[in-house]
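The following dialogue concerns the reading of disulfide bonds in a structural model. Please examine the entry below before following the discussion.

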Amino acid sequence: MKVLGAILTSLVAAAAFVLAFVAAPQASAATLTEVTGFGTNPSNLRMHLYVPDRVQARPGVLLAVHYCTGTGPAFHSGTDFARLADQYGFIVIYPSATRSGQCFDVSSQQALRRDGGSDPVGLMSMVRYVLQRYNGDTGRVFVTGVSSGAMTTNVMLANYPDVFAAGAAFAGVPASCFATTDGSGWNSACANGQVLRTPQEWGNLARGMYPGYSGTRPRVQIWHGTADDTLRYPNFGETIDQWTNVHGLSTTPTSSDSPQSGWTRTRYGDKVEAISMQGTGHNLMGAGMALRAIQFFGLDRPVDTTTTTTTGTTTTTTTTTTTTGTSTTSSITTSPVPNCRVTYAVNAWNTGLTASITVVNTGTTAVSGWTFAFTLPNGQTITNGWSATYSPTSGMVNATNVNYNGTISPSASVGFGFQATHGGNTEKPTSFRLNGVPCTIA
């Protein structure tokens, strides 16, 4: 697969965004490990795997795909996904493209059909390997990527809608937009935002990558900067057109907000979410954005197994029981027992407010290293804080411990807070999570 030299030169410069990624891994003995012999691999991809020290009993699996000129290990060290895996107990696969230019194949006819060959087949082998080797949860398999990885994300969602529950594409193009017939891996018309189709046409292309499939389609999160000069901004709207059509949705948003200054987020039902970043170029992924993808996937929410026993009438319990009637079936719940309690006090004035937060560890084991998550009401933006670091400053916020208050012993508490501006809405957040677990509100 050949890539135009001039384009590669620009991509090398664009790939410098990795230096801007925020990666602050927590102390962990887990390391990135290369896996060989993982299955059918027609394009000789390499596979690196990150398995946290503590994983859920049936962990979710994330396929994290790098940009052109990148590698899996570089994407591991330059993004926050491994740290989030430590926190939430899922597994991350980091593939590496090995062809010249280190872009993934999203152009060939083999890549643009299910099990047709090339990179998607090798990527699926990696996913299947992890699901089997680590007892992964087949209902919680996700894919994300930046640039070439974002294009690959859309291709994998179209090729394997029965495998992936959701995907997050950071600065990509619609599935099949990069298709070529001359053996080239680069499609300049698509990259320049000149390939414009109707939603129905884009939807047909995605559906045609797995003909006859009529099952559930994955949810999609789409990110793009308005000043992207590598994969230009019209691709953002075309990608929205594709996935709304695939889901049978209107291209008119059902809701719109601004989770952060300069961002416009539109939602289309609960299936498609799109974030436009004003004035941002191709190097768009920054602090907190990996977490937003993880939250969109639901990987920040613990999953517990419960058992339902049928005995003529149906009784549901939250512990495993012995079958005493006709059948026993397993189900999944995402409502863990809270092990924290929150007091959140607001003191507001004309355009400002302060919030004082106290979190009590109501569990029986100490919390070592914490992230406290909540969503600020619309119009509130943090300007400064104390006893925690806050990222981002509006929308879905994560407050992370500082060096002196990272441990919360059983029955002990930690206090922190912030000052914020507001546009008239001084309400409190409605829910809180400590290291992914919901807290009760005092």
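**Disulfides and burial**

C340 is buried, with a relative accessible area of 1%.

Q: On what basis should these values be read?
A: The model is predicted, so local features need pLDDT of at least 70 and side-chain atom pairs count only at pLDDT 80 or more, while totals for chains, interfaces and linings use all residues. Residues are numbered from 1 along each chain as its sequence is written, and side-chain values use heavy atoms, with hydrogens and water left out.

Q: How many disulfides does a search of the whole structure find?
A: A disulfide is a pair of cysteine sulfur atoms within 2.5 Å. The search finds 3 disulfides, and their pattern is 1-2, 3-4, 5-6 when bonded cysteines are counted along the chain.

Q: Which parts of the chain does the disulfide of C340 and C439 link?
A: Helices (H or I, at least four residues) and strands (E, at least two) are DSSP runs, numbered from the N terminus. The sulfur atoms of C340 and C439 are 1.9 Å apart. The torsion about their S-S bond is about -95 degrees, so this disulfide is left-handed. C340 lies in strand β14 (residues 340-348) and C439 in the loop between β24 (437-438) and β25 (440-441), 99 residues apart.

Q: Is C439 buried or exposed?
A: Buried means under 20% relative accessible area, exposed over 50%, and partly exposed in between (1.4 Å probe, protein chains only). C439 has 10% relative accessibility and therefore counts as buried.

Q: What is the handedness of the link of C68 and C103?
A: With 125 degrees about the S-S bond, the link of C68 and C103 is right-handed.
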